[in-house]
Amino acid sequence: MTTQDFIGKENFTIHTQTVSESCPSNIALIKYWGKYADQIPANPSISYTLNHCKTNTSMEFIVDEAFSVQTFLAGNEEVKFAEKIEKYFKNIEQYLPWILKGKYVIRTENTFPHSSGIASSASGFGAIAKCLMALDASFTGRNSEEESLRKASFLARLGSGSACRSLYNGLVVWGKTDEVEESSDLFGVQYPDDEIHEVFKNFNDWVLLIHEGQKSVSSTVGHGLMNTNPYAERRFQEARENFVPMKEILKNGDMERFIKLVEHEALTLHAMMMMSDPAFILMKTGTLEVINKIWDFRRETRLPLFFTLDAGANVHLLFPNNGSEEQIKAFIEAELLQHTQKNGVVKDVMKF
Ligand code: DP6
């Protein structure tokens with residue numbers, strides 16, 4: 001499929017309407033870090049879609065009023081966010097030709113704490129794209145469920161790259177790779193269910209809130225710094241190569257190799273930040289303390305507790321429900337919670 005396949009049809013009938021949609025967040029296992037023009041990823045990525053961390057959005061579209069966007073986050077008006085959405089809507093007009101023909105009032109809230117540092121752009125843009133496709137269905141009446149989801153993923157990507165993976169449950173791939181049929185740089189695709197070992201279908205993600213508040217460097221700026229990073233090409237190549245072992249691991253359930261690969265991806269992401277010019281570090285002392293404790297715990301118990309990181313200081317604790325989870329949870333409560341700011345932890349599971 002190409003961008004041309006998503007161009008919107010010119011005959012539509014618009015009317016005032018409110019739609020509501022919800023979209024979960026996701027956590028990448030092979031990371032997207034670096035992109036080209038028009039939100040084309042420099043390498044393919046794969047993520048788990050979460051279950052509880054979600055954005056709920058209602059979108060009121062009012063005809064007979066000039067194009068404008070008003071946004072409320074948890075009831076509070078957010079002018080900066082509205083400006084971002086206005087720009088985004090102008091940018092996607094060719095895909096939804098009715099989009100600039102009315103006024104929008106968008107109310108959005110996250111099920112996770114506001115200042116937690118959990119990325120809200122993925123679930124946020126995912127929910128907005130779903131709302132837009134709900135309006136589109138009502139104005140043009142021509143979407144199959146499958147087409148509509150794919151276009152929502154395509155549109156979400158143009159808002160925030162990782163958002164395109166949030167439209168599907170389970171494991172989701174974004175970015176062309178020979179290892180995954182139908183994969184595309186333009187939208188996310190679900191990783192085939194029969195290629196995933198049962199052990200990976202019942203997984204926890206407990207997010208330790210190490211540092212609440214604004215990050216020092218945004219993801220967008222971070223991606224941009226890959227343009228001049230001397231290690232970038234090697235990194236993109238490595239991410240592409242990592243799909244080969246990832247595919248084998250997902251099939252045969254090799255937890256040890258999975259842990260090694262996922263932690264390597266997380267540390268590589270942060271190593272890239274440290275090797276950028278200017279360099280930046282998003283991990284905090286607590287992040288490193290938690291990582292070291294996880295490694296000690298694994299050495300001592302051989303239990304499958306491991307981590308991944310987003311572009312921030314929080315630690316995503318990953319562990320399967322395979323009989324050892326109670327011992328792992330007890331360890332987290334006793335040893336790791338103390339490294340968070342206010343005993344902050346968001347307990348989520350992967351959505352299959
Ligand atoms: C580190 O999707 O937030 O979470 O496309 O500029 O909006 P933009 O960036 P964003 O980048 C997320 C990067 C990451 C890794 C990942 O989710 O793959």
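Which backbone atom type of G161, N or O, lies 2.7 Å from an oxygen atom of the ligand, or is it left open? I looked this up and found that the entry is "a backbone N or O atom", with no further choice made.

**Entry 1: ground rules**

I am working with a predicted model, where local features need pLDDT of at least 70 and side-chain atom pairs count only at pLDDT 80 or more, while totals for chains, interfaces and linings use all residues. Residues are numbered from 1 along each chain as its sequence is written, and side-chain values use heavy atoms, with hydrogens and water left out.

**Entry 2: the ligand**

I looked up the residues around the ligand, taking a residue as near if one of its heavy atoms lies within 4 Å. I found 17 residues there, and Y32, S160, G161, S162 and R165 are the closest.

Next I looked up polar contacts, which are pairs of N or O atoms within 3.5 Å; within protein, one must be able to donate a hydrogen and the other to accept it, and residues adjacent in sequence count only if both atoms are side-chain atoms. S160 places a polar side-chain atom 2.6 Å from a ligand oxygen atom. For K35, a polar side-chain atom lies 2.8 Å from an oxygen atom of the ligand. I then noted the area: the ligand taken alone exposes 460 Å², and the protein buries 93% of that. Accessible areas come from the Shrake-Rupley method with a 1.4 Å probe; for residues, only the protein chains shown count as cover.

**Entry 3: the shell by class and origin**

I sorted the shell around the ligand and wrote down five nonpolar, eight polar and four charged residues. Here Ala, Val, Leu, Ile, Met, Phe, Trp, Tyr, Cys and Pro count as nonpolar, Asp, Glu, Lys and Arg as charged, and the others, Gly among them, as polar.

Which helix gives the largest share of the shell? It is α4 (residues 219-225), with three residues. Helices (H or I, at least four residues) and strands (E, at least two) are DSSP runs, numbered from the N terminus. Domain 1 (3-28 + 50-171) and domain 2 (198-349) each supply at least three residues to the shell; the bounds come from an automatic or database domain assignment.

**Entry 4: the open sheet**

I traced an open sheet of four strands in the order β11-β12-β10-β13, paired antiparallel. Two strands pair if DSSP finds at least two bridges between them. β11 (306-309) and β13 (345-349) are the edge strands, each pairing on one side only. Neighbouring strands in this sheet are turned by 25° against each other on average, direction ignored. Inside the sheet, β10 (residues 203-208) and β12 (residues 315-320) are antiparallel over six bridges, and W206 stands opposite L317 in β12.

**Entry 5: strand β4 and its partners**

I followed β4 (residues 45-62), which runs antiparallel to β1 (residues 17-30) and is joined to it by twelve bridges. V19 has M59 in β4 as its bridge partner. Eight bridges join β4 to β7 (residues 103-110), again antiparallel, and N56 stands opposite E109 in β7. Four bridges join β4 to β8 (residues 171-174), where S45 is partnered by W174.

**Entry 6: strand β5**

Does β5 (residues 68-73) run parallel or antiparallel to β7? The pairing is parallel, over six bridges, and Q70 has V105 in β7 as its partner. β5 also forms a hairpin with β6, with two residues between them, and A74 in the turn has a positive phi of about 50°.

Notes
Axes fitted to C-alpha atoms, helices over the stretch in contact; angles between N-to-C directions.
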